[in-house]
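Trainee: I would be grateful for a close look at one part of this structure, the surroundings of the bound ligands. Please describe them in a connected way.

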Amino acid sequence: MILMKDIVRDGDPVLRQEAAKVSFPLSEEDQKLADDMMEYLKVSQDPDLCKKYGLRAGVGLAAPQVGASKMMAAVLVPSEEGTKSPFTDVIINPVIISHSVQSGALTEGEGCLSVDKEVPGFVPRHDRITLRYQDTTGETHKVRLKNYPAIVCQHEIDHLHGILFYDHINHDNPYEVDEGTIMFE
Ligand SMILES: O=CN(O)CCNC(=O)c1cccc(Cl)c1Cl
Ligand code: NI
């Protein structure tokens, strides 16, 4: 089981590397990594288990964050009570094949398990993306995502390219975003 002690923190070079493409069929090690990352998200989103294991909640987790420089990330975007999660999968060798001109950003900014300090500011991203990825069986998917699921996937794909969320924050004015940027909770 992945615990906070297993999370690599900012300063470790693995977080600034370009991760390696994953080949199929998945090795046992890669399959376990995928399962463990998704399990982390599920446990971290259960208030009791989150507290029991001393985790920080997350809606995504990228392999470099647990020291594996591989093109793999788990995404579990929570949904309102009783509705289907807007996006849940382990995305392998993900590529954003197209995106909106329009930007989107979370009004509360972003956080990262690998960044222990709060970094205030808006993180401008594409509001809508078309994402192509392989799932753990090797099947290729092409999905159109918008708003929160799109933001989360961009945060995770950034990790696979050695980018951290605060790289996108405007340091002169952290709360400045381009005109027309869609801001959402
Ligand atoms: O890379 C994944 N993490 O660092 C897990 C912790 N952060 C989050 O769950 C998180 C929080 C806010 C906005 C976004 Cl977009 C994300 Cl992803
Ligand atoms: Ni992160």
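Mentor: What follows treats the surroundings of ligand 1, then the metal site, and finally some notes on the backbone. The model is predicted, and each statement below should be read as a description of that model.

Ligand 1 sits in the largest pocket. There are 14 residues around ligand 1, and those that come nearest are Val-59, Gln-65, Leu-113, Glu-156 and His-159. Sorted by class, this shell holds six nonpolar, six polar and two charged residues. Among the secondary-structure elements, helix H3, which spans residues 147-160, gives the most to the shell, with five residues.

Several polar pairs can be listed for ligand 1. On the backbone side, a polar atom of Leu-113 is 2.8 Å from an oxygen atom of the ligand, and a polar backbone atom of Gly-60 is 3.4 Å from a nitrogen atom of the ligand. On the side-chain side, Glu-156 places a polar atom 2.9 Å from an oxygen atom of ligand 1. As for burial, ligand 1 taken alone exposes 410 Å², and the protein buries 91% of that area.

The second ligand is a nickel ion. Its protein donors are Cys-112 through SG, His-155 through NE2 and His-159 through NE2, at distances of 2.2 to 2.4 Å. Their spacing in sequence is C-x42-H-x3-H. Distant parts of the chain are linked here: Cys-112 belongs to the loop between strand E4 (103-106) and strand E5 (125-126), whereas His-159 belongs to helix H3, 47 residues apart. His-159 thus appears in both descriptions, as a donor to the nickel ion and as one of the residues that come nearest to ligand 1.

Two backbone features complete the account. Most residues other than glycine have a negative phi, and most peptide bonds are trans. The peptide bond from Phe-24 to Pro-25, however, is cis, with omega near -5°; Pro-25 lies in the segment before helix H1 (28-44). Asn-93, which is not a glycine, has a positive phi of about 50°, and its place is in strand E3, residues 87-99.

Terms used
Residues are numbered from 1 along each chain as its sequence is written. Chains are lettered from A and ligands numbered from 1 in the order in which they are written. This is a predicted model: local features need pLDDT of at least 70, side-chain atom pairs count only at pLDDT 80 or more; totals for chains, interfaces and linings use all residues. Side-chain values use heavy atoms; hydrogens and water are left out. A residue is near a molecule or strand if one of its heavy atoms lies within 4 Å of it. A polar contact is a pair of N or O atoms within 3.5 Å; within protein, one must be able to donate a hydrogen and the other to accept it, and residues adjacent in sequence count only if both atoms are side-chain atoms. Accessible areas come from the Shrake-Rupley method with a 1.4 Å probe; for residues, only the protein chains shown count as cover. On a 1 Å grid over the protein atoms alone, a cavity is a set of points where a 1.4 Å probe fits but cannot get out, and a pocket is an open set with protein on both sides within 12 Å along at least five of seven lines; lining residues have an atom within 4 Å of a point. A molecule sits in a cavity or pocket if more than half of its atoms lie within 2 Å of its grid points. Helices (H or I, at least four residues) and strands (E, at least two) are DSSP runs, numbered from the N terminus. Ala, Val, Leu, Ile, Met, Phe, Trp, Tyr, Cys and Pro count as nonpolar, Asp, Glu, Lys and Arg as charged, and the others, Gly among them, as polar. Donors are N, O and S atoms within 2.8 Å of the metal (3.2 Å for Na, K and Ca); water is not among the atoms, so sites may look incomplete.
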